[in-house]
Amino acid sequence: MKFDVLVVGAGPAGSSCARKLSKAGLKVLLIEKSSLPRFKLCAGCLSARTLRLLPEGYERLILNRISSGLLGFRGKEYYEVPAYKEVAQIIDRKDFDHFLTLKAQEAGAELLEAELLGFEREGTSYKVFTSKGILRADFVVGADGFHSRTAKLLGYRKRKFFKSLEFFTKGELKDKVLIEVGWVKRGYLWVFPHGEGISVGIATTGEENLFELLRGYCEEKGINFKKPKGWHIPFVEEERDLQLGRERVLLVGDAAGMTDPLLGEGIYYAIWGAGLLASAILENPADPLPAYRKRLKPLVEELVYAGRIARLAYGFQRVAYRMGKGYALRSFYELLAGSKGYKSLYLKGWLSFLKHFAIEKFRL
Ligand SMILES: Cc1cc2nc3c(=O)[nH]c(=O)nc-3n(C[C@H](O)[C@H](O)[C@H](O)COP(=O)(O)OP(=O)(O)OC[C@H]3O[C@@H](n4cnc5c(N)ncnc54)[C@H](O)[C@@H]3O)c2cc1C
């Protein structure tokens, strides 16, 4: 069977890319190795700016609406900053990802439960080896997540990432999220609402024993600890960290590393990036990579500035915690809502950072 585009992976990146290309009239095949709907380890927090990228009908998937944030430091000190408006929503990834795949199918994409095994060039197109046989396509889109086989087949090896653990349990938070800093060198611990319950997780770029930290935290806070599951979250903090593919085999979402280096937010960038990739393929089918790079500039700029903030925030966690009380958390809400970007947060946050740094250093 010959397709215009074969998309590997039916996560938010793959399904969104498949939907846009199908809508434009291309013959698209989406292959997914798991049976849908499938579980995906994730807190399911969508920044409000993500909603404008979603197809109609997503509202019924919203489990919790977030309008306030609690910030904690080493489990000892806390404060809450209300946002007074909705800045994020919680969804369940199993249902959310399935919804996006159904939307791609509605737009005309075909779905095949199959695993990508390999591919090779065949003239101007690709011969794709899958667990369900050989397929052919002019383009291959690797949207196959952190452990992307597409990326490995292209020769990519190293990437920057957070290690993370998470579990779902009983608990109540309703309309707020709790972020705890000071537990790991670079990363954070979270307690988010998840429908009637909560999700509890921790992420780091370092070597800390996350299992023990999470268990200890839950004991201290009286949270019903359950065996957590682990997964990695890639991130990009410089343009060269991105892994975009070669010729007409292109990567998007976690497969490309397209995740925020401050919080590990990936769904927004996966869907945004997928739209940009689809546009690049449509704009310049003969050589889409330069068009993709060009269209990605605003997304990359966001990640680069998020990286600069991450280095400061995690390098000086106590200062960052203090800053959150004043300017920082409210500005962050504007970012989540889409009215500000990381660049403006970084540029405007400098003075405030220096002030709080001085207060902390000299205990003013
Ligand atoms: C613990 C944790 C919490 C997180 N919380 C949040 C959060 O609250 N908000 C947020 O925005 N982000 C969060 N993230 C990040 C987010 O989950 C990812 O950035 C996002 O899922 C990326 O989407 P994707 O479509 O690129 O990849 P994925 O969602 O990983 O989808 C990839 C798909 O490809 C399929 N696949 C893989 N290999 C193959 C193959 N060889 N053949 C066929 N199919 C294949 C997989 O089965 C999967 O369905 C979290 C991540 C973790 C680990």
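**Exercise 1. Find how many disulfides the whole structure holds, and check Cys45 and Cys218.**

Solution.
- A search of the whole structure finds 0 disulfides (pairs of cysteine sulfur atoms within 2.5 Å).
- The model is predicted: local features need pLDDT of at least 70, side-chain atom pairs count only at pLDDT 80 or more, and totals for chains, interfaces and linings use all residues. Residues are numbered from 1 along each chain as its sequence is written, and side-chain values use heavy atoms, with hydrogens and water left out.
- Take Cys45. Its closest cysteine sulfur belongs to Cys42, 8.6 Å away, which is too far for a bond.
- Take Cys218. Its closest cysteine sulfur is also in Cys42, at 18 Å, again too far.
- Now compare exposure. Buried means under 20% relative accessible area, exposed over 50%, partly exposed in between (1.4 Å probe, protein chains only). Cys45 is partly exposed at 24%. Cys218 is buried at 1%.

**Exercise 2. Describe the shell around the ligand and its polar contacts.**

Solution.
- Count the shell. It has 35 residues (a heavy atom within 4 Å of the ligand). The closest are Glu32, Arg38, Cys45, Arg93 and Asp254.
- Sort by class. There are 15 nonpolar, 10 polar and 10 charged residues. Here Ala, Val, Leu, Ile, Met, Phe, Trp, Tyr, Cys and Pro count as nonpolar, Asp, Glu, Lys and Arg as charged, and the others, Gly among them, as polar.
- List contacts to ligand oxygen atoms (N or O pairs within 3.5 Å). A polar backbone atom of Pro12 lies at 3.2 Å. A polar side-chain atom of Arg93 lies at 2.9 Å. An N or O atom in the Asp254 side chain lies at 2.8 Å.
- Add the area. Alone, the ligand exposes 1,000 Å², and the protein buries 94% of that (Shrake-Rupley method, 1.4 Å probe).

**Exercise 3. Compare the salt bridges Lys76 with Glu220 and Glu106 with Lys103.**

Solution.
- Start with the total. The structure holds 25 salt bridges (a side-chain nitrogen of Lys or Arg within 4 Å of a carboxyl oxygen of Asp or Glu).
- Place the Lys76 pair. Its closest N and O atoms are 3.5 Å apart. Lys76 is in the loop between β5 and β6 and Glu220 in helix α4, so the pair ties together parts 144 residues apart in sequence.
- Check exposure. Lys76 is exposed at 63%. Glu220 is partly exposed at 44%.
- Place the Glu106 pair. Its N to O distance is 3.5 Å. Glu106 and Lys103 are 3 residues apart in helix α2, so about one helical turn separates them.
- Check exposure again. Glu106 is exposed at 62%. Lys103 is buried at 18%.

Notes. A polar contact is a pair of N or O atoms within 3.5 Å; within protein, one must be able to donate a hydrogen and the other to accept it, and residues adjacent in sequence count only if both atoms are side-chain atoms. Helices (H or I, at least four residues) and strands (E, at least two) are DSSP runs, numbered from the N terminus.
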